[in-house]
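Q: I would like a close look at one part of this protein. Please walk me through it step by step.

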Amino acid sequence: MPPHEGASAPPHVDPTPTAASLDAARQLHAFTGPLDEETIAALASTLQHVTLPAGGELFRQGEPGDAVFFVASGRLAALVTRDDGQQVRIGEVGAGESVGEMALLSGQPRMASVQALEDSRLLRLSKAGYDTLVARAPHTLAVFARVMAERLARSARARQALSAIRSTSTVTLQECAAAVATPDPVMLNLTITQLYHRIALDLTVLLGAQDVNWFGFACRASKTAGSAIRGEDVPILRPTARFVARRLPDALVSRLQAWRIVRHADAALAAVTTRIAEGNRLIFSEIGPVFVRLVSLCADHHAHDPARIEALVATLTPGRAEDGGQDLLRDAARAYYDAAFEPHPKKRAELILLGSLKIGLHEQIRVDPLIDEALDRPMLELVAVVAPWLSRLPRGWRIEERVRHSACRRARRLVTARLMRIRLPYGDLRLGDDLPELPARRRFPDLLASLELPELAATFARFDRGLPTRAIDWSDLDDRMRYIANFFRSRQKSLEIFEPPFLFAQQAEILGGRVPQGPL
């Protein structure tokens with residue numbers, strides 16, 4: 001929940017004696033560029049100083065846009081109201097920036113409410129003042145055009161996400177339990193994927209909508225897993241098995257054995273699908289309900305209360321994830337809770353990343369045995385085909401062991417490099433490739449370019465170690481976490497990840513317990 005959400009202190013607009021108005025007009029050049037004295041004099045009667053205390057509301061969503069404001073000092077949050085009345089922070093405005101120009105220029109109602117995160121000072125320019133400004137100083141049109149272009153770009157990128165944020169209903173523990181109990185693996189995956197998306201949106205009530213949380217990433221990973229669970233990867237892997245069979249030496253593999261390789265490949269794929277579905281169910285059952293409870297915990301209070309979050313984490317099992325404990329989830333819940341009440345954007349972004357990495361590490365530790373088995377199973381099936389021939393060789397059992405170890409290692413690396421991917425709204429990322437750079441050749445978003453929280457810096461450094469971001473062997477926990485840590489950090493500001501994973505009609509089918517027809 002955004003800080004000061006319940007406050008409604010009004011702004012204080014100073015009277016406009018001539019000296020104060022001229023001073024305000026002269027300050028405007030910091031935002032618009034140089035203004036001559038005649039323009040300053042003409043603007044004096046249309047410009048006012050505004051002071052807004054922390055928690056004060058500048059304007060509300062739906063009000064007419066009758067002025068533009070320039071922030072001289074302080075920081076403000078932009079908030080949208082969901083259908084259930086909850087407010088979601090979608091952005092922030094700081095010193096040197098303007099707010100309110102979109103509604104002023106378009107003539108449309110305010111699209112968001114704006115509240116002060118800290119004591120702030122602003123300059124208010126009326127509609128008449130704006131018209132005077134652009135008439136007397138046409139160069140200011142370029143300034144406003146640039147600001148509007150940047151905001152329109154951000155708005156277009158996140159439009160679907162914000163639409164969903166406004167209309168989604170809060171996930172319940174009953175929905176989580178029903179999803180986990182779903183027997184059909186395909187329907188299980190579709191339901192869990194949709195719930196991951198909804199919980200990601202629910203968490204924006206706490207964390208704001210300008211940072212992707214773990215559930216946003218989990219939604220995309222679960223949707224990717226669904227391709228394998230539905231058998232959509234079989235058309236790729238079965239010809240691969242035939243290709244391997246045709247190229248093994250005749251002395252090693254007869255025609256009958258080549259047929260058995262393909263048959264064993266089908267059995268291996270069925271086993272892999274089962275393991276992926278088991279992992280899907282396991283992770284959601286352990287993580288989903290914890291953060292549904294966190295959303296519920298924070299829904300009815302507006303101030304940081306350590307006792308409340310400690311009461312929640314006390315219900316989680318102490319101990320390491322390797323031993324079935326939930327210490328990492330306890331840490332993650334604390335980080336997300338602290339982020340919900342953190343007024344400073346950088347520290348809040350770092351707390352969200354810390355929470356996401358803790359959840360991600362818990363997840364990967366818990367599914368580690370399932371991943372190992374899923375990646376090794378196809379090659380173990382192949383080795384089983386040639387094992388009878390190897391057993392006839394001197395020390396054949398030792399050769400078989402060596403072949404099994406070497407073949408599995410090479411197969412894991414090949415699958416990681418060539419076949420593994422994650423499906424995102426703007427296209428697939430291959431896990432065997434380095435993560436693409438962000439615009440302007442940036443590796444990370446500006447607020448996460450450096451890490452100041454000691455625990456976050458240590459956690460990230462544990463896995464990053466200055467190595468390339470691409471995954472090499474997905475069965476290796478540290479290798480997976482290196483990719484995941486860099487992926488989370490680099491894409492935390494990619495708001496398109498909040499977009500729904502399925503079309504509206506598909507969502508309706510899933511809600512009705514049916515698998516949608518056509519591509520997903």
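Is F284 buried or exposed, and what is its relative accessibility?

A: F284 is buried, with a relative accessibility of 0%. Keep in mind that this is a predicted model. The cut-off for buried is under 20%, so F284 qualifies.

Now look at its partner. The ring of F284 pairs with the ring of Y196. Their centres are 5.3 Å apart. Their planes meet at 75°. Planes over 60 degrees apart count as edge-to-face, so this pair is edge-to-face. Y196 is buried too, because its relative accessibility is 3%.

Next, place the two residues along the chain. Y196 belongs to helix α8, which spans residues 185-207. F284 belongs to helix α11, which spans residues 255-298. The two parts are 88 residues apart in sequence, so the ring pair ties together distant stretches of the chain.

The pair also has company. Y196 and F284 are members of a cluster linked by ring pairs. The other members are W214, F215, F291 and Y336. For the whole model, the count of aromatic pairs is 14.

Rings can also meet charges. The charged end of R489 sits over the ring of F460, 4.6 Å from the ring centre. Another case is R110, whose charged end sits over the ring of F59 at 4.0 Å from the centre.

Follow F460 a little further. This residue lies in helix α16, residues 454-464, and is one of its buried residues. The others are L456, T459, F463 and D464. They cover an arc of only 120° around the axis, so they lie on the same side of α16. There is a general reason for such patterns. An α-helix has 3.6 residues a turn, so residues three or four places apart point the same way. After α16 comes R465, with a positive phi near 55°.

Now follow F59. Strand β3 covers 57-59, so F59 falls within β3. The strand is part of an open sheet of four strands. Their order is β3-β8-β5-β6, and the pairing is antiparallel. β3 is an edge strand, and so is β6 (87-94): each pairs on one side only. On average, neighbouring strands of the sheet are turned by 30° against each other, direction ignored.

Finish inside that sheet. Strand β5, residues 75-81, runs antiparallel to β6, and seven bridges join them. There, L79 stands opposite R89 in β6.

Notes:
Residues are numbered from 1 along each chain as its sequence is written. This is a predicted model: local features need pLDDT of at least 70, side-chain atom pairs count only at pLDDT 80 or more; totals for chains, interfaces and linings use all residues. Side-chain values use heavy atoms; hydrogens and water are left out. Rings of Phe, Tyr and Trp (its six-membered ring) pair if their centres lie within 6.5 Å; planes under 30 degrees apart count as stacked, over 60 as edge-to-face and the rest as tilted. Buried means under 20% relative accessible area, exposed over 50%, partly exposed in between (1.4 Å probe, protein chains only). A charge sits over a ring if NZ of Lys or CZ of Arg is within 6 Å of the ring centre and within 35 degrees of the ring normal. Two strands pair if DSSP finds at least two bridges between them. Axes are lines fitted to C-alpha atoms, for helices over the stretch in contact, and angles run from 0 to 180 degrees between N-to-C directions. The arc is that of the directions from the helix axis to the C-beta atoms.
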